[in-house]
Amino acid sequence: MTTRAEIMSEMGAFLRFLRSEMRPKGKLFTPFNIISLPIMLAGAVLVVIRFAKGLGAVTNLSQETPWGFWIGFDVVTGVAFAGGAYVITFMVYIMKAEKYHPIVRATVLNGLLAYMFYAGALMLDLGRPWNIINPIIGNSFGYNSILFLVAWHFMLYMFAEFIEFSPVVAEWLGLRRLRKILAGLTLGTVIFGVTLSTLHQSGLGALFLLAKSKIHPLWYTEFLPILFLVSSVFAGLSMIIFEGTISHKVFANQIDPKRHGSFDEIVLGLGKGATVAMFLYFFFKVLIFVHGKHWSYIGDPWFWWYMVEVIGFVLIPCMLFARAVTTQNVSLVKIASIATLIGIILNRLNVSIIAFNWTSANPYYPSVAEIVITLMVIFTEIWVFRWVVNRMPVLREAPFWVNEQQESERKAA
Amino acid sequence: MMESMSYVNIFETKGLEYLLVISFLIGFIYFVRRLSYSRPATAPAETPESTKTAANPDMVCPAGADCPYERQRMAAEKEDQKTAVVT
């Protein structure tokens, strides 16, 4: 029989473990820390000013341009970059592409943190942030509103990603029975998560359907939701390649040497997926251009800017990916993924900021404070990612008892 | 009276869009097939005769390269042979 003393002793050991895990691991004065810490501190001060004095104190937002850099970059671009999580979980758990299993945990963690931080940054952008709860509690919302859909999807998808990632937390804490239960929920959660993702990735594009008169015709199309969904596939895959390459260098000591070799194969596979999605996206862009009869814009400065985005950062990276896959050139895949990420940033900023209110006499430019706060959000996410990876079995092998558990499950099946 | 000649307007009939869709589908098949036939970046190096020395006739290791696993494998094989002779 478990006595009170035994329970207290267990609790004490658990708290000691948590306290030891909270201590920093590794060197404090690294180049990354030296650059990121001052920016994060400055950002924190600006966040306090924003909440104390209002949006006008730190942003260049106005009644004419109520959505600025925080929506255009943090939310719209950040969510596209987080798209890799739904693509990879679909590939591994539904299509049974086991080749990509080693990167599932890091990708899901990246997606979860991206949603927590970038979608969480919405709080900064709301004039009355306490009203963020309204769509959830049913106060003053419209069933037909796209923002209502996006708000619910963001919240549900964050839960879904947390459940997908929760077996890792259970392994870290040594909770064997809980890990077994949580691992059993994975498949159902992945199906739910993929459904949510496809809907809210396109939902973000649908948000801009309301602003037909404000967006330049070269970027406005009734097919924006489809374009956002298709581009989220290759944005997510490129982000996995980029983030995975850095993680493999920074956390090299955590990765099994056998898996170092397989990473190149994974990168080539991801590059192949990205090039196919980009080929489709490029075709959509051409078709929409023809369908919209945009010939009259040829020669206009906006047309050349449009060409920079579509040719320079869609067609060329697509061809680079294709070339890299056919020649098995891993470095070229990495270069193409960076070009693709730049293209996605450009596309999302064009739709939400640059080509938005294009006829306005007072064009919007983000303030320095807006950029510093965005950098703070990004750096904080990277710090949390590093903290988790250094403690939980994200890149390294799971504890031995997980294999035993999986073996017994296999036998029982 | 002869009727005047009329051309089909490829823009108004959306003929151009149909042509684009057809060419995309053909292009897509070609594109995916081309991706499937990927070639390795470097051809596997053939073992030069110089590395197949009298001491190590079975050694498959490129010239100048250190092959610890190959050495280990050969050492283990030799050990096995010795044990087999003794038993």
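In this short talk I will go through one helix of chain A, then two loop residues, and finally the contact between chain A and chain B. Please keep in mind throughout that this is a predicted model.

Let me begin with helix 8 of chain A, which runs over residues 146–173 and so has 28 residues. How far apart should its ends be? At 1.5 Å a residue, helix 8 should span 40 Å, and because its end C-alpha atoms are 39 Å apart, the expected value and the one in the model agree. There is nevertheless a bend in helix 8, of about 40° at F165(A), and a proline, P167(A), follows within four residues of that point.

Both of these residues, F165(A) and P167(A), belong to the buried residues of helix 8. Others in that group include V150(A), A151(A), H153(A), F154(A) and Y157(A), and you will also find the glutamates E161(A), E164(A) and E171(A) among them. If you ask what covers these buried residues, the answer includes helix 4 (84–94), helix 5 (104–119) and helix 7 (134–137), together with helix 9 (176–184), helix 10 (186–207) and helix 16 (400–412), which also belong to chain A. Just after helix 8, G174(A) takes a positive phi of about 75°.

That brings me to two residues that have a positive phi although neither is a glycine. K96(A), with a phi of about 55°, lies in the loop between helix 4 and helix 5 of chain A. Is K96(A) buried or exposed? It has 9 C-beta neighbours inside 10 Å, and a residue with 12 or fewer is called exposed, so K96(A) counts as exposed. The other residue is K293(A), whose phi is near 50°, and which sits in the loop between helix 12 and helix 13 of chain A. K293(A) has 12 C-beta neighbours inside 10 Å, and therefore it counts as exposed as well.

Let me finish with the two chains together. Chain B has two helices and zero strands, and of its 87 residues, 0% count as buried. The contact between the chains takes 16 residues from chain A and 14 residues from chain B. On the side of chain A, helix 12 (257–291) and helix 13 (301–327) each supply at least two residues, and helix 12 gives the most, with nine residues. Sorted by class, that side of chain A has eight nonpolar, six polar and two charged residues.

Terms used. Residues are numbered from 1 along each chain as its sequence is written. Chains are lettered from A and ligands numbered from 1 in the order in which they are written. This is a predicted model: local features need pLDDT of at least 70, side-chain atom pairs count only at pLDDT 80 or more; totals for chains, interfaces and linings use all residues. The expected span of a helix is 1.5 Å times one less than its number of residues. The bend at a residue is the angle between axes fitted to the seven residues ending there and the seven starting there. A residue is buried if 20 or more other C-beta atoms lie within 10 Å of its own, exposed if 12 or fewer, and partly exposed in between; C-beta atoms are placed from the backbone. Two residues are in contact if their C-beta atoms, placed from the backbone, lie within 7 Å. Ala, Val, Leu, Ile, Met, Phe, Trp, Tyr, Cys and Pro count as nonpolar, Asp, Glu, Lys and Arg as charged, and the others, Gly among them, as polar.
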